[in-house]
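Here are some short exercises to work through with the model open beside you. Try each task before reading its solution.

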Amino acid sequence: VDGHSVWVNSKTIEVYNIKDWIKRYPKGDELRVDENGEPTGYISEKPALELGGLTVPSKDDIKEGLLKWQDFAFSKGLTAVSDALVSAGTVDPSCYADLTGKNKPWKLRTYASYIIDEKTPNDSLDIKLSEILRYRKSYDSEYFKIFGIKLFMDGVVEAHTAWLRESYADTAGYYGLMRITDRERMKHIVEVANSNDMNVHCHSVGDGATSFALDCIIDGQKAAGVTEARNTLAHLHIVAPEDIQRFADNNVIAVVAPLWVPKEKGVFEQTVNYVGIDRAEKQYPINAFLKAGAHISFHSDYPVSLNFSIPLTFYAALTRTFPELGQAGVCGKDEAISRYEALEALTTGCAYSFKEESRLGSIETGKIANFTVLDQDLLNEDINKIPNVKVVATIIDGDVVWPVN
């Protein structure tokens, strides 16, 4: 459901000789085994990514998929997006570049983060960073640019791999998967990125991961002498209250997901089982960041959020539930925000995170004519009608790109 785990059958285990992988992935929460030491087929994190990398589509297939994604994004009212998962092993940036330029079809402004594998040896790290800096210069067009460096700090709660400050409720002494633990190494990555007009975009789910990431980002920003790097932590499932003010004080952007807030059946119960009711009830803070003075933007993490919808995102930010769940689905009602705050997080907040607030994010003289027309007013319509708001038109550079004539 989230891209962090796969469930494979016995034939896959046989074809890819996954039993031998146990020697390389001895940690039980990544490659699960039964009481006899045999792989169960439930695989998470690095081995799951490795398995997916064995069946990478061709560049032609990827480009076809990108164009279908662009059509879908326009139909949903998106005018600019972040792609936080580009690399040679996922979506190679050259695929975007091939679609971008004069008389080319790519018009969905995309701000991309290139992944650094946390297992990259230290003696190869500067080589990898230099390669990414070259990408920064090579891929810097109006519609696609390498904007940041992507780091995975941990996994996710539902895979038992989020990095927590206090141990899991169901496993005493277990704190999750700490994917990056070398503070000096991460500080160096942040410093290099920020010194070269790039940010770091961190996947950070657990409060342990977020605390550590903030430490490193603050050190790296100071070393680079940069205060406007727009470094970002995304997802933020569980956050220590004392860390929220550090986002504001150090201009680190909190990228949050209203679509993940409600107490969805099965998912919330699993969260409670793993982290306990107290931490579960406080999941996905949003209002606390705004009260502290931090910058926020919304994300869907599509295709993780298959029910992606701007109106539904807006509704969930206001109510902390979904229409079909009602009051039973409300999680952390004190973290609900106002309509205008939600609108900002969908527009100017995203533009700010891309360093594009002077060009995008609001309808003003001199800005690019990117906007979405809806059939109802999000700021004034009956809140119960918000989830059913429809996109009437999506405009890019003053041209209607959806619906297609």
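The exercises below go from the overall fold to the surface and then to two cysteines, all in a predicted model.

**Exercise 1.** Work out how compact the chain is for its length.

*Solution.* Start with the secondary structure: the chain has 14 helices and 13 strands. Next, take the radius of gyration, which is 21 Å, and set it beside the 22 Å that the globule rule gives for 405 residues. The two values are close, so the chain is as compact as a globular protein of that length. For the outer dimensions, the C-alpha atoms fill a box of roughly 65 × 50 × 45 Å along the principal axes.

**Exercise 2.** Find what share of the contacts with a separation of 6 or more links residues 24 or more positions apart, and what share of the residues is buried.

*Solution.* Such distant pairs make up 71% of those contacts. As for burial, 52% of the 405 residues count as buried.

**Exercise 3.** Describe the exposed surface and the placement of charges.

*Solution.* The chain exposes about 18400 Å², and carbon and sulfur atoms supply 52% of that area. Then turn to the charges: there are 43 positive and 58 negative ones, and their mean positions lie 3 Å apart.

**Exercise 4.** Decide whether C202 is bonded or not bonded to C216.

*Solution.* A disulfide needs sulfur atoms within 2.5 Å. The cysteine sulfur closest to that of C202 belongs to C216, but it is 8.5 Å away, so the pair is too far apart for a bond. C216 is likewise in no disulfide. The count for the model is zero disulfides. Finally, check burial: C202 has 0% relative accessibility and counts as buried, and C216, at 0%, is buried too.

Notes: Residues numbered from 1 in each chain as written. Predicted model: local features only at pLDDT ≥ 70, side-chain atom pairs only at ≥ 80, totals over all residues. Heavy atoms only, no water. Helix = DSSP H or I, 4+ residues; strand = E, 2+ residues; numbered from the N terminus. Rg over C-alpha atoms; globule rule 2.2 N^0.38 Å. Buried < 20%, exposed > 50% of the residue type's maximum accessible area, 1.4 Å probe, protein only. Contact = heavy atoms within 4.5 Å. Areas by Shrake-Rupley, 256 points an atom, 1.4 Å probe, with all protein chains shown as cover. Lys, Arg positive; Asp, Glu negative; His and termini not counted. Charge placed at Lys NZ, Arg CZ, Asp CG, Glu CD.
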